[in-house]
Amino acid sequence: MGSNAWGCLGLGHKNEVKTPQIIPQLCNQRIQRFMNGGDFVFAINHVNHVFSGGNNWVKQLGRHTKGLGFEIISELNDKNITQICCGTNHSLALTTNGQVYAWVSKFENKSFENHYQNLFEELSPIGLGGFGTVFKVKHRFDEHIYAVKRVQLKDSSDKNMNRILKEVKNLGKVRSEYVVQYYNSWPETNFLYIQMEFCSENLRNILEIKPKVFDRDLGEAMSSYEYFISCEIFRQILEILKTFTPGMRH
Ligand SMILES: Nc1ncnc2c1ncn2[C@@H]1O[C@H](COP(=O)(O)OP(=O)(O)OP(=O)(O)O)[C@@H](O)[C@H]1O
């Protein structure tokens, strides 16, 4: 049961389900395990036959039929699948003799059409930067709030794309409680979208709040305690940025 956005429960419809429902296609199948993808589900039965249900917009269900209701993936019947793992829009299956199958058929440029709209509900624009606009959005499946930055791709030359891809790769490397968390990015029409943690505060607010937190008036000198903590946070950010080659400046 649950919100069942995009039919991820495999019940054959997209309506919210408030009480547990029987899934007719899986009755008497002696299902052993379920695996969740972004908006789809796999089930494996006692003889390692695989069933899939939910959204199939990029053929993430590993079958050619339409999505939503559970169906067996007959091509995998003789493969003896022992494990499946899923991402947002793709899946990998491991056989008992160590072979790996992967599927997500149409992840060409076209598949990213409407990816932003399909995945997110846009709540409001947050701000405008030198390269693009940042929006506050709600993920349609996990229902978390994120910030998505939309950068216009002015030209698709190798040099320009390489520069942008390098920047995105660098963002993905940063893991720190002091640096905004990067989650995902994708090109769509003439834009690059970057999904990030949503920060409800910005540096200006923090600088305004900081004196109150340390119990001093605005303009009054910092105590050695506050000074030490501020320096430590700054040092940790510099440590992270130093790990980039070539170095990063901001
Ligand atoms: N992850 C985020 N959460 C909340 N607000 C954000 C987030 N990222 C950016 N913003 C807001 O959007 C505005 C624009 O951000 P953006 O990163 O595009 O530009 P910038 O950092 O101001 O400058 P530059 O384009 O040079 O990087 C910021 O000023 C900030 O207020």
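Accessible area here is the Shrake-Rupley kind, worked out with a 1.4 Å probe. With that in hand, I looked up the surface of this predicted model: the chain exposes about 16,200 Å², and carbon and sulfur atoms supply 53% of that area.

**Entry 1: the whole chain**

I started with the overall make-up. The chain has 4 helices and 12 strands. Of its 250 residues, 33% are buried. I also looked up contacts with a separation of 6 or more, and found that 39% of them are between residues 24 or more positions apart.

**Entry 2: Q195 and K149**

Next I picked Q195, which lies in strand β12, residues 191-197. Is Q195 buried or exposed? Its relative accessibility is 7%, and the cut-off for buried is under 20%, so Q195 counts as buried. I then listed what touches Q195, leaving aside neighbours within four places in sequence: F120, H139, Y146, A147, V148, Y182, Y183, N184 and W186.

K149 caught my eye through a record: an unreviewed UniProt entry lists K149 under "binding site". I found K149 in strand β10, residues 145-152. With a relative accessibility of 27%, K149 counts as partly exposed. Again leaving aside neighbours within four places, K149 is in contact with T133, V134, L192, Y193, I194 and M196.

**Entry 3: a sheet of three strands**

Then I turned to a sheet. Strands of a sheet pair through backbone hydrogen bonds, either parallel or antiparallel. The one I chose is an open sheet of 3 strands in the order β5-β6-β7, with antiparallel pairing. Which strands stand at the edges? They are β5 (81-86) and β7; each has a single partner strand, so one side of each is left without a neighbour in the sheet. On average, neighbouring strands here are turned by 20° against each other, direction ignored.

I followed β6 (residues 91-95) and β7 (residues 100-103) more carefully, and found 4 bridges joining them. Across the pair, S91 stands opposite W103, and L92 stands opposite A102. The hairpin of β6 and β7 has 4 residues between the strands, and there G98 takes a positive phi near 90°.

**Entry 4: salt bridges**

How many salt bridges does a search of the whole structure find? The search gives 5, and I looked up several.

The side chains of D78 and K79 meet in one of them, at 3.1 Å from N to O. D78 counts as exposed at 60% relative accessibility, while K79 is partly exposed at 26%.

E226 and R216 form another, at 2.7 Å from N to O. This pair links distant parts of the chain: E226 sits in helix α4 (residues 224-242), and R216 is 10 residues away in the loop between α3 (203-213) and α4. Both partners turned out to be buried: E226 has 0% relative accessibility, and R216 has 15%.

R235 and E232 make a further salt bridge, with their closest N and O atoms 2.9 Å apart. They are 3 residues apart in helix α4, which means about one helical turn separates them. R235 is partly exposed, with a relative accessible area of 41%, and E232 is partly exposed too, at 27%. My last note concerns a network: salt bridges that share partners join K210, R216 and E226 into one.

How values were computed: Residues numbered from 1 in each chain as written. Predicted model: local features only at pLDDT ≥ 70, side-chain atom pairs only at ≥ 80, totals over all residues. Heavy atoms only, no water. Helix = DSSP H or I, 4+ residues; strand = E, 2+ residues; numbered from the N terminus. Buried < 20%, exposed > 50% of the residue type's maximum accessible area, 1.4 Å probe, protein only. Contact = heavy atoms within 4.5 Å. UniProt positions renumbered as here; feature names shortened; annotations may be inferred. Pairing = 2+ DSSP bridges. Axes fitted to C-alpha atoms, helices over the stretch in contact; angles between N-to-C directions. Salt bridge = Lys/Arg side-chain N within 4 Å of Asp/Glu carboxyl O.
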